[in-house]
Amino acid sequence: MISPRDVEHVALLARLELTAEEKELYTKQLNDILLYAEMLNQLDTEGVLPTAHVLPLNNVFRDDAAGEHLTADEVLANAPRRDGLFFIVPKIV
Amino acid sequence: MELTAMPAHRLQKLMRRREISAEELALAVFNRIDEVEDKVKAYITLTRDKALTTAREVDRLRAAGEYLGPLAGIPIAVKDNICTRGLKTTCASRMLENFVPPYDATVTEKFKAARMVLVGKANMDEFAMGSSNENSAFFPTTNPVDPRRVPGGSSGGSAAAVAAGEAVVALGSDTGGSIRLPASFCGVVGMKPTYGAVSRYGLVAYASSLDQIGPLTKDVTDCALMLNVICGHDRRDTTSVRWQVPDYTSFLTPEIKGMRVGLPVEYLGEGIDPAVRKVILGTADKLASLGAEVAETQLPHTRYALPAYYLIATAEASSNLARYDGVKYGLRANDAEDMVDMYIKTRSRGFGTEVKRRIMLGTYALSAGYYDAYYMKALKVRTLIKQDFDRAFTRFDVLLSPTGPTTAFRAGEKTDDPLQMYMVDVCTLAVNLAGIPGISLPAGEDGKLPIGVQLMGRPFGEGDLLRIAYAIEQLSVVGRQSSE
(Lines give C-alpha, C1' and ligand atoms only; values in the text may rest on other atoms or scores of the structure.)
Protein backbone atom coordinates (compact mmCIF):
# COMPACT_ATOMS: atom_id res chain seq x y z
CA MET A 1 0.00 0.00 0.00
CA ILE A 2 2.09 2.90 1.23
CA SER A 3 5.79 2.30 0.70
CA PRO A 4 8.77 3.88 2.45
CA ARG A 5 9.19 5.85 -0.78
CA ASP A 6 5.63 7.21 -0.43
CA VAL A 7 6.34 8.12 3.17
CA GLU A 8 9.45 9.99 2.08
CA HIS A 9 7.43 11.86 -0.55
CA VAL A 10 4.67 12.76 1.90
CA ALA A 11 7.21 13.88 4.46
CA LEU A 12 8.74 16.19 1.88
CA LEU A 13 5.32 17.64 1.02
CA ALA A 14 4.75 18.26 4.72
CA ARG A 15 8.23 19.71 5.16
CA LEU A 16 9.27 17.03 7.61
CA GLU A 17 12.47 15.03 7.72
CA LEU A 18 12.46 11.56 9.23
CA THR A 19 15.19 9.34 10.58
CA ALA A 20 15.48 5.88 9.04
CA GLU A 21 13.83 4.46 12.15
CA GLU A 22 10.96 6.94 11.96
CA LYS A 23 10.48 6.19 8.28
CA GLU A 24 10.11 2.48 9.05
CA LEU A 25 7.82 3.06 12.01
CA TYR A 26 5.59 5.53 10.20
CA THR A 27 5.38 3.31 7.11
CA LYS A 28 4.06 0.48 9.21
CA GLN A 29 1.71 2.62 11.28
CA LEU A 30 0.31 4.56 8.34
CA ASN A 31 -0.29 1.29 6.54
CA ASP A 32 -2.21 -0.11 9.49
CA ILE A 33 -4.36 3.00 9.63
CA LEU A 34 -4.99 3.15 5.89
CA LEU A 35 -5.81 -0.54 5.83
CA TYR A 36 -8.39 0.10 8.51
CA ALA A 37 -9.69 3.06 6.52
CA GLU A 38 -10.34 0.72 3.57
CA MET A 39 -13.56 -0.25 5.30
CA LEU A 40 -15.08 2.98 4.02
CA ASN A 41 -15.17 1.31 0.61
CA GLN A 42 -17.79 -1.08 1.95
CA LEU A 43 -20.21 1.81 1.65
CA ASP A 44 -21.91 2.79 -1.59
CA THR A 45 -21.63 6.56 -1.70
CA GLU A 46 -22.88 6.98 -5.26
CA GLY A 47 -24.87 10.20 -5.38
CA VAL A 48 -24.01 11.16 -1.81
CA LEU A 49 -22.89 14.77 -1.45
CA PRO A 50 -19.75 15.33 0.62
CA THR A 51 -20.08 17.24 3.89
CA ALA A 52 -17.02 19.42 4.32
CA HIS A 53 -18.82 21.60 6.79
CA VAL A 54 -21.95 20.89 8.86
CA LEU A 55 -23.50 24.35 8.93
CA PRO A 56 -25.53 25.84 6.06
CA LEU A 57 -23.27 28.87 6.07
CA ASN A 58 -21.89 30.28 2.87
CA ASN A 59 -19.87 33.34 2.04
CA VAL A 60 -19.99 35.06 5.40
CA PHE A 61 -18.88 38.56 4.47
CA ARG A 62 -18.36 41.85 6.21
CA ASP A 63 -17.74 45.35 4.93
CA ASP A 64 -14.19 45.96 3.83
CA ALA A 65 -13.67 48.55 6.53
CA ALA A 66 -10.70 48.78 8.88
CA GLY A 67 -11.48 48.12 12.52
CA GLU A 68 -9.33 47.57 15.58
CA HIS A 69 -6.04 45.95 14.79
CA LEU A 70 -2.76 44.94 16.37
CA THR A 71 0.22 47.27 16.20
CA ALA A 72 3.23 46.23 14.16
CA ASP A 73 5.22 45.75 17.36
CA GLU A 74 2.60 43.42 18.79
CA VAL A 75 2.60 41.42 15.59
CA LEU A 76 6.38 41.16 15.46
CA ALA A 77 6.82 40.48 19.18
CA ASN A 78 7.13 36.72 18.67
CA ALA A 79 9.41 36.99 15.65
CA PRO A 80 12.45 34.71 15.93
CA ARG A 81 14.42 37.40 14.09
CA ARG A 82 13.23 40.83 13.16
CA ASP A 83 14.52 44.10 11.81
CA GLY A 84 12.07 46.91 12.46
CA LEU A 85 8.93 45.99 10.55
CA PHE A 86 10.53 43.03 8.83
CA PHE A 87 10.80 39.37 9.69
CA ILE A 88 14.34 38.21 8.93
CA VAL A 89 14.62 34.77 7.31
CA PRO A 90 17.44 32.76 5.68
CA LYS A 91 17.97 33.38 2.00
CA ILE A 92 15.43 31.86 -0.30
CA VAL A 93 17.46 31.51 -3.44
CA MET B 1 -17.35 19.87 52.24
CA GLU B 2 -14.00 21.47 51.37
CA LEU B 3 -14.22 24.74 49.42
CA THR B 4 -12.17 23.23 46.62
CA ALA B 5 -14.64 20.36 46.23
CA MET B 6 -17.67 22.64 45.82
CA PRO B 7 -19.24 23.60 42.51
CA ALA B 8 -19.32 27.23 41.39
CA HIS B 9 -23.01 27.81 42.10
CA ARG B 10 -22.56 26.85 45.76
CA LEU B 11 -19.43 28.95 46.09
CA GLN B 12 -21.24 31.92 44.57
CA LYS B 13 -23.95 31.65 47.26
CA LEU B 14 -21.24 31.71 49.95
CA MET B 15 -19.60 34.73 48.35
CA ARG B 16 -22.89 36.59 47.98
CA ARG B 17 -23.66 35.95 51.64
CA ARG B 18 -20.15 37.23 52.45
CA GLU B 19 -19.30 33.91 54.12
CA ILE B 20 -16.18 33.64 52.00
CA SER B 21 -14.33 36.12 49.81
CA ALA B 22 -13.10 35.55 46.27
CA GLU B 23 -9.59 35.98 47.61
CA GLU B 24 -10.09 33.22 50.18
CA LEU B 25 -11.42 30.96 47.46
CA ALA B 26 -8.47 31.67 45.18
CA LEU B 27 -6.06 31.00 48.04
CA ALA B 28 -7.83 27.74 48.84
CA VAL B 29 -7.42 26.63 45.23
CA PHE B 30 -3.74 27.54 45.17
CA ASN B 31 -3.20 25.74 48.50
CA ARG B 32 -4.80 22.70 46.95
CA ILE B 33 -2.48 23.05 43.98
CA ASP B 34 0.49 23.13 46.37
CA GLU B 35 -0.78 19.90 47.89
CA VAL B 36 -1.45 17.83 44.78
CA GLU B 37 -0.01 19.39 41.64
CA ASP B 38 3.31 17.54 41.98
CA LYS B 39 1.38 14.35 41.41
CA VAL B 40 -1.40 15.51 39.07
CA LYS B 41 0.59 17.90 36.86
CA ALA B 42 -2.54 19.46 35.39
CA TYR B 43 -0.93 22.79 34.58
CA ILE B 44 1.70 24.06 32.17
CA THR B 45 1.53 27.62 33.53
CA LEU B 46 0.13 28.90 36.82
CA THR B 47 -0.88 32.52 37.30
CA ARG B 48 -1.11 32.93 41.08
CA ASP B 49 -0.38 36.64 41.38
CA LYS B 50 -2.71 37.69 38.60
CA ALA B 51 -5.40 35.39 40.00
CA LEU B 52 -5.21 36.96 43.43
CA THR B 53 -5.33 40.45 41.89
CA THR B 54 -8.49 39.54 39.98
CA ALA B 55 -10.03 37.94 43.07
CA ARG B 56 -9.36 41.01 45.20
CA GLU B 57 -10.92 43.19 42.51
CA VAL B 58 -14.06 41.06 42.62
CA ASP B 59 -14.20 41.46 46.41
CA ARG B 60 -13.74 45.21 46.05
CA LEU B 61 -16.55 45.45 43.48
CA ARG B 62 -18.86 43.37 45.63
CA ALA B 63 -18.17 45.57 48.66
CA ALA B 64 -18.95 48.61 46.51
CA GLY B 65 -22.32 47.14 45.61
CA GLU B 66 -21.52 46.53 41.94
CA TYR B 67 -23.41 43.84 40.05
CA LEU B 68 -21.45 40.62 39.75
CA GLY B 69 -22.52 37.68 37.56
CA PRO B 70 -22.91 34.07 38.72
CA LEU B 71 -19.32 33.11 37.88
CA ALA B 72 -17.54 36.20 39.22
CA GLY B 73 -14.59 35.25 41.40
CA ILE B 74 -14.73 31.61 40.30
CA PRO B 75 -11.29 30.02 39.63
CA ILE B 76 -10.99 28.62 36.09
CA ALA B 77 -8.34 26.52 34.32
CA VAL B 78 -7.98 27.11 30.58
CA LYS B 79 -6.62 24.55 28.11
CA ASP B 80 -3.34 25.75 26.72
CA ASN B 81 -4.58 25.93 23.11
CA ILE B 82 -6.83 28.86 23.94
CA CYS B 83 -5.09 32.21 23.49
CA THR B 84 -4.57 34.40 26.52
CA ARG B 85 -3.02 37.77 25.76
CA GLY B 86 0.39 38.27 27.29
CA LEU B 87 0.38 34.76 28.75
CA LYS B 88 2.28 31.88 27.17
CA THR B 89 0.02 29.62 25.10
CA THR B 90 1.97 26.52 24.14
CA CYS B 91 -0.49 23.85 22.92
CA ALA B 92 1.84 21.56 24.91
CA SER B 93 4.26 21.68 21.99
CA ARG B 94 7.92 22.63 21.60
CA MET B 95 6.77 24.49 18.51
CA LEU B 96 4.96 27.08 20.65
CA GLU B 97 6.89 26.67 23.87
CA ASN B 98 7.55 30.39 24.17
CA PHE B 99 4.67 31.76 22.15
CA VAL B 100 2.92 34.68 23.81
CA PRO B 101 -0.32 35.60 22.03
CA PRO B 102 -0.87 39.30 21.36
CA TYR B 103 -4.61 38.83 21.73
CA ASP B 104 -7.25 37.06 23.81
CA ALA B 105 -9.46 34.37 22.35
CA THR B 106 -13.12 35.38 22.29
CA VAL B 107 -13.89 32.91 25.10
CA THR B 108 -11.01 34.45 27.06
CA GLU B 109 -12.55 37.91 26.65
CA LYS B 110 -15.85 36.43 27.80
CA PHE B 111 -14.62 34.75 30.95
CA LYS B 112 -12.61 37.85 31.84
CA ALA B 113 -15.71 39.99 31.35
CA ALA B 114 -17.52 37.59 33.67
CA ARG B 115 -14.74 38.35 36.18
CA MET B 116 -13.58 34.78 36.50
CA VAL B 117 -10.24 34.12 38.14
CA LEU B 118 -7.70 32.52 35.79
CA VAL B 119 -5.72 29.90 37.73
CA GLY B 120 -3.49 28.84 34.87
CA LYS B 121 -3.12 27.13 31.49
CA ALA B 122 -3.94 23.47 31.50
CA ASN B 123 -1.84 20.67 30.08
CA MET B 124 -3.08 18.79 27.02
CA ASP B 125 -2.07 16.42 24.27
CA GLU B 126 0.15 18.31 21.82
CA PHE B 127 -1.98 20.40 19.43
CA ALA B 128 -5.03 18.59 20.85
CA MET B 129 -4.01 15.34 19.18
CA GLY B 130 -4.47 12.45 21.57
CA SER B 131 -6.82 10.66 23.93
CA SER B 132 -4.70 10.23 27.04
CA ASN B 133 -2.71 13.45 27.62
CA GLU B 134 0.44 11.35 27.10
CA ASN B 135 1.33 13.33 23.98
CA SER B 136 2.17 16.56 25.78
CA ALA B 137 5.70 17.58 24.80
CA PHE B 138 6.38 18.62 28.39
CA PHE B 139 4.98 16.01 30.79
CA PRO B 140 1.93 13.78 31.16
CA THR B 141 -0.96 14.62 33.46
CA THR B 142 -2.14 11.87 35.80
CA ASN B 143 -5.67 10.91 36.71
CA PRO B 144 -6.48 12.33 40.18
CA VAL B 145 -8.56 9.23 40.92
CA ASP B 146 -5.60 6.92 40.28
CA PRO B 147 -2.21 8.45 39.41
CA ARG B 148 -1.07 5.32 37.55
CA ARG B 149 -3.81 5.98 35.04
CA VAL B 150 -4.36 8.55 32.35
CA PRO B 151 -6.84 11.39 32.76
CA GLY B 152 -7.92 11.00 29.15
CA GLY B 153 -7.25 13.54 26.41
CA SER B 154 -6.73 15.82 24.85
CA SER B 155 -8.18 18.12 27.55
CA GLY B 156 -6.61 15.95 30.26
CA GLY B 157 -5.21 18.86 32.27
CA SER B 158 -8.56 20.65 32.30
CA ALA B 159 -10.43 17.56 33.49
CA ALA B 160 -7.81 16.64 36.09
CA ALA B 161 -7.71 20.19 37.48
CA VAL B 162 -11.46 20.21 38.10
CA ALA B 163 -11.47 16.65 39.48
CA ALA B 164 -8.58 17.40 41.83
CA GLY B 165 -9.99 20.67 43.15
CA GLU B 166 -7.22 22.63 41.41
CA ALA B 167 -9.85 24.70 39.63
CA VAL B 168 -13.59 25.03 40.10
CA VAL B 169 -14.36 24.95 36.38
CA ALA B 170 -12.31 24.60 33.21
CA LEU B 171 -12.38 25.21 29.49
CA GLY B 172 -11.27 22.53 27.08
CA SER B 173 -11.62 21.84 23.37
CA ASP B 174 -13.20 18.86 21.64
CA THR B 175 -12.48 17.70 18.10
CA GLY B 176 -13.16 13.95 18.44
CA GLY B 177 -14.05 13.61 22.11
CA SER B 178 -11.35 15.63 23.81
CA ILE B 179 -13.63 17.18 26.43
CA ARG B 180 -16.03 14.30 26.94
CA LEU B 181 -13.53 11.48 27.26
CA PRO B 182 -11.35 13.05 29.97
CA ALA B 183 -14.54 14.13 31.74
CA SER B 184 -15.59 10.47 31.81
CA PHE B 185 -12.18 9.21 32.93
CA CYS B 186 -11.86 11.81 35.72
CA GLY B 187 -15.44 11.78 36.96
CA VAL B 188 -16.50 15.30 35.97
CA VAL B 189 -19.05 16.82 33.61
CA GLY B 190 -17.82 17.81 30.15
CA MET B 191 -19.75 19.24 27.22
CA LYS B 192 -19.01 19.83 23.57
CA PRO B 193 -21.53 22.40 22.32
CA THR B 194 -23.06 22.36 18.84
CA TYR B 195 -20.55 23.29 16.15
CA GLY B 196 -20.82 27.03 15.67
CA ALA B 197 -22.27 27.74 19.12
CA VAL B 198 -18.97 28.90 20.61
CA SER B 199 -16.47 31.10 18.82
CA ARG B 200 -13.23 29.44 17.71
CA TYR B 201 -11.47 32.80 17.43
CA GLY B 202 -8.30 32.38 19.46
CA LEU B 203 -8.55 28.59 19.64
CA VAL B 204 -5.44 27.18 18.02
CA ALA B 205 -6.90 25.20 15.15
CA TYR B 206 -6.57 21.43 14.83
CA ALA B 207 -9.49 20.48 12.56
CA SER B 208 -11.55 23.52 11.69
CA SER B 209 -14.81 21.78 10.83
CA LEU B 210 -14.74 19.69 14.02
CA ASP B 211 -13.17 21.83 16.81
CA GLN B 212 -15.33 23.32 19.54
CA ILE B 213 -14.51 24.85 22.90
CA GLY B 214 -16.57 23.66 25.87
CA PRO B 215 -16.74 23.53 29.68
CA LEU B 216 -15.57 20.92 32.17
CA THR B 217 -17.32 21.28 35.50
CA LYS B 218 -18.16 19.52 38.75
CA ASP B 219 -21.86 19.35 38.00
CA VAL B 220 -24.53 20.04 35.41
CA THR B 221 -25.57 23.37 36.91
CA ASP B 222 -22.05 24.74 36.55
CA CYS B 223 -22.02 23.47 32.95
CA ALA B 224 -25.15 25.51 32.21
CA LEU B 225 -23.60 28.61 33.82
CA MET B 226 -20.46 28.21 31.72
CA LEU B 227 -22.46 27.83 28.51
CA ASN B 228 -24.19 31.11 29.31
CA VAL B 229 -20.75 32.76 29.37
CA ILE B 230 -19.10 31.22 26.31
CA CYS B 231 -21.89 30.71 23.76
CA GLY B 232 -22.84 33.23 21.12
CA HIS B 233 -22.14 34.57 17.67
CA ASP B 234 -18.78 36.20 17.01
CA ARG B 235 -18.03 38.42 14.00
CA ARG B 236 -14.44 37.28 14.13
CA ASP B 237 -15.34 33.60 13.60
CA THR B 238 -17.14 33.17 10.31
CA THR B 239 -18.12 29.64 11.30
CA SER B 240 -20.02 30.85 14.35
CA VAL B 241 -23.78 30.98 14.17
CA ARG B 242 -26.16 33.90 14.76
CA TRP B 243 -28.73 32.60 17.20
CA GLN B 244 -30.56 33.48 20.36
CA VAL B 245 -28.59 32.04 23.30
CA PRO B 246 -31.08 30.88 25.94
CA ASP B 247 -30.45 31.01 29.68
CA TYR B 248 -29.23 27.46 30.01
CA THR B 249 -30.04 27.31 33.71
CA SER B 250 -33.73 27.36 32.73
CA PHE B 251 -33.34 23.74 31.60
CA LEU B 252 -32.27 22.51 35.01
CA THR B 253 -35.47 20.83 36.05
CA PRO B 254 -35.66 17.19 37.03
CA GLU B 255 -38.98 16.93 35.16
CA ILE B 256 -38.36 14.76 32.11
CA LYS B 257 -41.69 12.96 31.67
CA GLY B 258 -42.38 12.23 28.07
CA MET B 259 -38.89 13.05 26.81
CA ARG B 260 -37.78 10.50 24.26
CA VAL B 261 -34.40 8.87 24.87
CA GLY B 262 -32.84 6.64 22.22
CA LEU B 263 -30.27 3.92 22.86
CA PRO B 264 -28.27 3.34 19.66
CA VAL B 265 -27.36 -0.34 19.67
CA GLU B 266 -24.11 0.21 17.80
CA TYR B 267 -22.72 2.00 20.87
CA LEU B 268 -23.30 -0.98 23.17
CA GLY B 269 -21.70 -3.76 21.18
CA GLU B 270 -18.41 -5.58 21.31
CA GLY B 271 -15.53 -3.52 22.56
CA ILE B 272 -17.54 -1.88 25.34
CA ASP B 273 -16.41 -2.97 28.79
CA PRO B 274 -19.16 -4.92 30.65
CA ALA B 275 -18.93 -2.59 33.66
CA VAL B 276 -19.50 0.38 31.34
CA ARG B 277 -22.40 -1.29 29.57
CA LYS B 278 -24.02 -2.04 32.93
CA VAL B 279 -23.88 1.61 33.98
CA ILE B 280 -25.30 2.86 30.68
CA LEU B 281 -28.20 0.39 30.71
CA GLY B 282 -28.77 1.15 34.38
CA THR B 283 -28.98 4.86 33.56
CA ALA B 284 -31.48 4.13 30.78
CA ASP B 285 -33.64 2.23 33.28
CA LYS B 286 -33.49 5.12 35.73
CA LEU B 287 -34.62 7.55 33.02
CA ALA B 288 -37.50 5.23 32.19
CA SER B 289 -38.51 5.14 35.86
CA LEU B 290 -38.61 8.96 35.79
CA GLY B 291 -41.12 8.87 32.97
CA ALA B 292 -38.90 9.22 29.91
CA GLU B 293 -39.72 7.07 26.89
CA VAL B 294 -36.63 4.96 26.38
CA ALA B 295 -36.15 2.75 23.31
CA GLU B 296 -33.41 1.17 21.26
CA THR B 297 -32.52 2.68 17.93
CA GLN B 298 -29.99 2.31 15.14
CA LEU B 299 -27.25 4.54 13.82
CA PRO B 300 -26.06 2.10 11.16
CA HIS B 301 -22.98 4.01 10.00
CA THR B 302 -21.46 4.33 13.47
CA ARG B 303 -18.49 2.07 12.87
CA TYR B 304 -17.38 4.15 9.89
CA ALA B 305 -16.97 7.23 12.07
CA LEU B 306 -13.48 6.30 13.19
CA PRO B 307 -11.86 5.89 9.76
CA ALA B 308 -13.80 8.87 8.41
CA TYR B 309 -12.66 11.01 11.32
CA TYR B 310 -9.01 10.03 10.98
CA LEU B 311 -9.02 11.02 7.33
CA ILE B 312 -10.96 14.27 7.71
CA ALA B 313 -9.36 15.52 10.94
CA THR B 314 -5.84 14.71 9.82
CA ALA B 315 -6.43 16.27 6.39
CA GLU B 316 -7.63 19.47 8.05
CA ALA B 317 -4.77 19.32 10.54
CA SER B 318 -2.16 18.97 7.80
CA SER B 319 -3.48 22.23 6.40
CA ASN B 320 -3.84 24.03 9.74
CA LEU B 321 -0.39 23.06 10.95
CA ALA B 322 1.31 24.18 7.74
CA ARG B 323 1.58 27.63 9.31
CA TYR B 324 4.25 26.45 11.75
CA ASP B 325 7.29 27.24 9.67
CA GLY B 326 9.56 29.23 11.95
CA VAL B 327 9.05 32.48 10.03
CA LYS B 328 6.84 34.74 12.15
CA TYR B 329 6.46 33.09 15.55
CA GLY B 330 7.19 29.92 17.43
CA LEU B 331 10.24 27.73 17.22
CA ARG B 332 12.83 28.36 14.53
CA ALA B 333 15.77 26.13 13.69
CA ASN B 334 18.72 28.50 13.53
CA ASP B 335 21.17 26.12 11.90
CA ALA B 336 19.35 25.97 8.57
CA GLU B 337 21.12 26.49 5.26
CA ASP B 338 18.17 28.09 3.49
CA MET B 339 14.43 28.71 3.83
CA VAL B 340 13.22 25.24 2.95
CA ASP B 341 15.83 23.71 5.22
CA MET B 342 14.56 26.02 7.96
CA TYR B 343 10.97 24.84 7.43
CA ILE B 344 12.04 21.21 7.53
CA LYS B 345 14.29 21.43 10.58
CA THR B 346 11.85 23.66 12.49
CA ARG B 347 8.91 21.37 11.91
CA SER B 348 10.80 18.17 12.50
CA ARG B 349 12.11 19.41 15.84
CA GLY B 350 9.02 21.34 16.89
CA PHE B 351 6.40 18.63 16.41
CA GLY B 352 6.07 15.43 18.43
CA THR B 353 5.54 11.94 17.03
CA GLU B 354 1.75 11.85 17.07
CA VAL B 355 1.50 15.29 15.47
CA LYS B 356 3.87 14.27 12.69
CA ARG B 357 1.96 11.04 12.16
CA ARG B 358 -1.33 12.90 11.74
CA ILE B 359 0.17 15.54 9.48
CA MET B 360 1.54 12.82 7.23
CA LEU B 361 -1.68 10.85 7.19
CA GLY B 362 -3.60 13.98 6.30
CA THR B 363 -1.13 15.04 3.64
CA TYR B 364 -1.36 11.60 2.06
CA ALA B 365 -5.17 11.61 2.14
CA LEU B 366 -5.20 14.92 0.29
CA SER B 367 -2.40 14.24 -2.14
CA ALA B 368 -2.85 13.92 -5.88
CA GLY B 369 -4.21 10.54 -6.79
CA TYR B 370 -5.55 9.80 -3.32
CA TYR B 371 -7.81 12.79 -2.67
CA ASP B 372 -10.96 11.12 -4.05
CA ALA B 373 -10.29 7.71 -2.60
CA TYR B 374 -9.63 8.93 0.91
CA TYR B 375 -10.65 12.51 1.72
CA MET B 376 -13.65 12.80 -0.59
CA LYS B 377 -14.86 9.35 0.35
CA ALA B 378 -14.64 10.25 4.02
CA LEU B 379 -16.66 13.44 3.44
CA LYS B 380 -19.41 11.42 1.79
CA VAL B 381 -19.44 8.95 4.67
CA ARG B 382 -19.70 11.96 6.97
CA THR B 383 -22.96 12.87 5.22
CA LEU B 384 -24.31 9.37 5.87
CA ILE B 385 -23.33 9.60 9.54
CA LYS B 386 -25.06 12.97 9.85
CA GLN B 387 -28.17 11.58 8.18
CA ASP B 388 -28.28 8.74 10.74
CA PHE B 389 -28.51 11.36 13.49
CA ASP B 390 -31.05 13.49 11.60
CA ARG B 391 -33.29 10.44 11.29
CA ALA B 392 -32.84 9.47 14.93
CA PHE B 393 -33.77 12.97 16.09
CA THR B 394 -37.14 12.78 14.38
CA ARG B 395 -37.99 10.04 16.87
CA PHE B 396 -35.91 10.99 19.92
CA ASP B 397 -34.89 14.08 21.85
CA VAL B 398 -31.57 12.74 23.07
CA LEU B 399 -29.45 9.66 22.48
CA LEU B 400 -27.71 7.79 25.30
CA SER B 401 -24.43 5.93 25.02
CA PRO B 402 -21.15 5.29 26.82
CA THR B 403 -18.58 8.09 26.58
CA GLY B 404 -15.60 5.77 26.54
CA PRO B 405 -15.46 2.03 25.85
CA THR B 406 -13.57 1.53 29.11
CA THR B 407 -12.61 3.32 32.28
CA ALA B 408 -9.28 5.17 32.50
CA PHE B 409 -6.50 2.90 31.30
CA ARG B 410 -2.96 2.74 32.65
CA ALA B 411 -0.27 5.12 31.45
CA GLY B 412 1.74 3.58 28.61
CA GLU B 413 -0.86 0.92 27.87
CA LYS B 414 -1.77 2.18 24.40
CA THR B 415 1.19 4.30 23.38
CA ASP B 416 2.76 1.64 21.16
CA ASP B 417 -0.23 1.18 18.90
CA PRO B 418 -1.79 4.33 17.42
CA LEU B 419 -4.88 2.47 16.21
CA GLN B 420 -5.56 1.11 19.72
CA MET B 421 -5.38 4.64 21.03
CA TYR B 422 -7.69 5.93 18.27
CA MET B 423 -10.26 3.27 19.20
CA VAL B 424 -10.72 4.93 22.58
CA ASP B 425 -12.74 7.60 20.76
CA VAL B 426 -15.23 5.25 19.08
CA CYS B 427 -18.18 6.59 21.05
CA THR B 428 -17.37 10.27 20.75
CA LEU B 429 -16.17 10.86 17.17
CA ALA B 430 -19.48 10.76 15.32
CA VAL B 431 -20.77 13.67 17.39
CA ASN B 432 -18.05 15.94 16.01
CA LEU B 433 -18.51 14.71 12.45
CA ALA B 434 -22.21 15.57 12.64
CA GLY B 435 -21.59 18.85 14.50
CA ILE B 436 -24.17 18.01 17.17
CA PRO B 437 -23.79 18.69 20.90
CA GLY B 438 -22.66 16.02 23.35
CA ILE B 439 -22.24 15.88 27.10
CA SER B 440 -20.60 13.36 29.42
CA LEU B 441 -21.49 13.12 33.07
CA PRO B 442 -20.54 10.65 35.80
CA ALA B 443 -23.09 7.86 36.04
CA GLY B 444 -21.34 5.12 37.95
CA GLU B 445 -18.05 3.49 38.83
CA ASP B 446 -15.99 0.39 38.34
CA GLY B 447 -14.28 0.12 41.69
CA LYS B 448 -12.91 3.63 42.10
CA LEU B 449 -12.81 4.43 38.42
CA PRO B 450 -15.50 6.80 37.12
CA ILE B 451 -17.77 5.81 34.26
CA GLY B 452 -19.32 8.60 32.22
CA VAL B 453 -22.55 8.38 30.29
CA GLN B 454 -22.81 10.36 27.05
CA LEU B 455 -25.88 12.19 25.85
CA MET B 456 -26.06 13.37 22.25
CA GLY B 457 -28.51 16.00 21.07
CA ARG B 458 -29.91 17.82 18.06
CA PRO B 459 -28.06 20.84 16.74
CA PHE B 460 -28.63 23.57 19.39
CA GLY B 461 -30.36 21.00 21.57
CA GLU B 462 -28.11 21.69 24.57
CA GLY B 463 -31.25 22.41 26.58
CA ASP B 464 -32.54 18.85 26.23
CA LEU B 465 -29.09 17.49 27.10
CA LEU B 466 -28.97 19.58 30.28
CA ARG B 467 -32.48 18.48 31.29
CA ILE B 468 -31.72 14.81 31.00
CA ALA B 469 -28.24 15.23 32.48
CA TYR B 470 -29.67 17.11 35.45
CA ALA B 471 -32.25 14.39 36.00
CA ILE B 472 -29.54 11.71 35.97
CA GLU B 473 -27.40 13.73 38.35
CA GLN B 474 -30.26 14.30 40.79
CA LEU B 475 -30.74 10.55 41.07
CA SER B 476 -27.44 10.18 42.88
CA VAL B 477 -26.99 11.40 46.45
CA VAL B 478 -23.75 13.13 45.53
CA GLY B 479 -25.57 14.93 42.73
CA ARG B 480 -28.26 16.18 45.09
CA GLN B 481 -25.71 17.38 47.65
CA SER B 482 -23.92 19.27 44.95
CA SER B 483 -26.95 21.33 44.05
CA GLU B 484 -27.64 22.61 47.51
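Hi everyone. Buried area, as I'll use it today, is the accessible area, with a 1.4 Å probe, that two parts lose on being put together, summed over both. With that in hand, chain B and chain A of this predicted model bury about 5300 Å² between them, and 70% of that is on carbon and sulfur atoms. On the chain B side, the residues that give up the most area to chain A are Met360(B), Tyr364(B) and Lys377(B), which together make up 13% of what that side buries.

Counting contacts instead, 65 residues of chain B touch 50 residues of chain A. How many salt bridges does the rule find across the interface of chain B and chain A? It finds two. Let me show you a salt bridge between the chains: the side chains of Glu74(A) and Arg85(B) meet at 3.0 Å, N to O.

A word on confidence, since you'll ask. The model scores ipTM 0.96 and pTM 0.97. Chain B has an average pLDDT of 97, with 98% of its residues scoring at least 70.

Now let's look inside chain B, at two helices. The axes of α2(B), residues 22-40, and α3(B), residues 48-63, come within 7 Å and cross at roughly 155°. Angles over 145 degrees count as roughly antiparallel, so that is how α2(B) and α3(B) run relative to each other.

Who meets whom there? From α2(B) we have Ala22(B), Glu23(B), Ala26(B), Leu27(B) and Phe30(B), and they meet a set in α3(B) that includes Arg48(B), Leu52(B), Val58(B) and Asp59(B). Sorted by class, this helix contact has eight nonpolar residues, four charged ones and no polar ones.

Thanks, all!

Conventions: Residues numbered from 1 in each chain as written. Chains lettered and ligands numbered in written order. Predicted model: local features only at pLDDT ≥ 70, side-chain atom pairs only at ≥ 80, totals over all residues. Heavy atoms only, no water. Axes fitted to C-alpha atoms, helices over the stretch in contact; angles between N-to-C directions. Helix = DSSP H or I, 4+ residues; strand = E, 2+ residues; numbered from the N terminus. Parallel < 35°, antiparallel > 145°, perpendicular 65-115°, else oblique. Contact = heavy atoms within 4.5 Å. Nonpolar A, V, L, I, M, F, W, Y, C, P; charged D, E, K, R; others polar. pLDDT = per-residue confidence, 0-100. Salt bridge = Lys/Arg side-chain N within 4 Å of Asp/Glu carboxyl O.
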